[in-house]
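Colleague: Could you take me through one part of this model up close? I'd like the geometry, the burial and the neighbours, with cut-offs included.

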Amino acid sequence: MRWLGHLLVFSVALLVALPFIWMAYAAFIPPEAVFSGDIFGKLGFSLANFEVLGRGGFWEGFWGRLLFSVLLTGGVTLLQLTTGFLAAYAIKEGTKILPFFLVLLAIPVELLLVPLYGLLVSLKLLDTLWALVLPFAASPFIVYLLFQGMRTVPEELLEAARLDGAGHRVLLTRILLPLLRPQLIAAGVLAFAAHWNLVLYPRIVAGSKELKTVQTWITDLQRQNPADWGPLSAAALAATLPLVIIYLLYERRIVETFEEGLKG
């Protein structure tokens, strides 16, 4: 029956990967193949969809939005890792806040949009850079993931360091930080992907042109050309590349972290 399990895993993986395969395929097929409906009968490789985007002036604004999104998401990721690392250490030291983060983890983000919007209005942070950063300063998922990683660190090691006079700063920076490097990398990649893929939230709280992320930039293109699937796929593929590169660089770390979590 092992083959049945492999077949199930392959089927699920194929269903998840299918939209990405179609996006990459549609980005490089000739535009006339999309509109003819015979998308598999006219196989070929073409950069015409990227040229169409260039004629419309898409790339002029795209690179600026891509750089803004990389800096914004990178900054938010570092902030989440810092707060998550400190919160996980506090939980490990006995602070009773783990149920609070587990409850937050179970609440759908969409339910928080309306109260969060009202809070940003009252603080006069709407349509500012802080609206894209502060609500994501801490992530319950990152806290939980790092806490699980800290549980694998032998308590005898920490106790020996305490007997040698090590304080919280030494424990965090010289013992836990090097030992948790794989978990921090995996958590960082997942935090980066989660913030990078935000579409609805930045459209609601940051509508000005200089605060548009690359994802909201793509949705604007989709509104202007709702049926032009070739150029839309090319734009989406270009916007996905930074995420794909980061994942491929740290794929091994991510897989190892989750395998250790399943074993634990």
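What follows is a close look at one helix, then at some packing details elsewhere.

Which helices do the buried residues of H14 pack against?

Modeller: Ground rules before the helix. This is a predicted model, where local features need pLDDT of at least 70 and side-chain atom pairs count only at pLDDT 80 or more, while totals for chains, interfaces and linings use all residues. Numbering runs from 1 along each chain as its sequence is written, and side-chain values use heavy atoms, with hydrogens and water left out.

Now H14 itself (helices are DSSP runs of H or I, at least four residues, numbered from the N terminus). It covers residues 229-249, 21 residues in all, and should span 30 Å (expected span is 1.5 Å times one less than the number of residues). Its end C-alpha atoms sit 29 Å apart, which agrees. There is still a kink to look at: H14 bends by about 40° at Thr240, with a proline, Pro242, following within four residues. That bend is the angle between axes fitted to the seven residues ending there and the seven starting there.

Thr240 and Pro242 are also among the buried residues of H14, which include Gly230, Leu232, Leu237 and Leu243. Buried means under 20% relative accessible area, exposed over 50%, and partly exposed in between, using a 1.4 Å probe and protein chains only. To your question: those buried residues pack against H1 (2-28), H3 (48-55), H4 (58-92), H11 (181-196) and H13 (214-224).

One of those partners, H4, holds Ser69, which is buried because its relative accessible area is 2%. Leaving aside neighbours within four places in sequence, Ser69 is in contact (heavy atoms within 4.5 Å) with Gly74, Trp196, Thr213 and Val214.

Then the rings. Phe, Tyr and Trp rings (the six-membered one for Trp) pair if their centres lie within 6.5 Å; planes under 30 degrees apart are stacked, over 60 edge-to-face, and the rest tilted. That rule gives nine aromatic pairs. One of them is Phe62 with Trp63, edge-to-face at 5.1 Å centre to centre and 75° between the planes. Phe62 counts as buried because its relative accessibility is 0%, whereas Trp63 counts as exposed at 51%. Phe100 and Phe101 are edge-to-face too, at 5.5 Å and 70°, and Phe101 is buried at 12%. Back with the Phe62 pair, ring pairs link Phe28, Phe50, Trp59, Phe62 and Trp63 into a cluster.

Note on methods
Helices (H or I, at least four residues) and strands (E, at least two) are DSSP runs, numbered from the N terminus.
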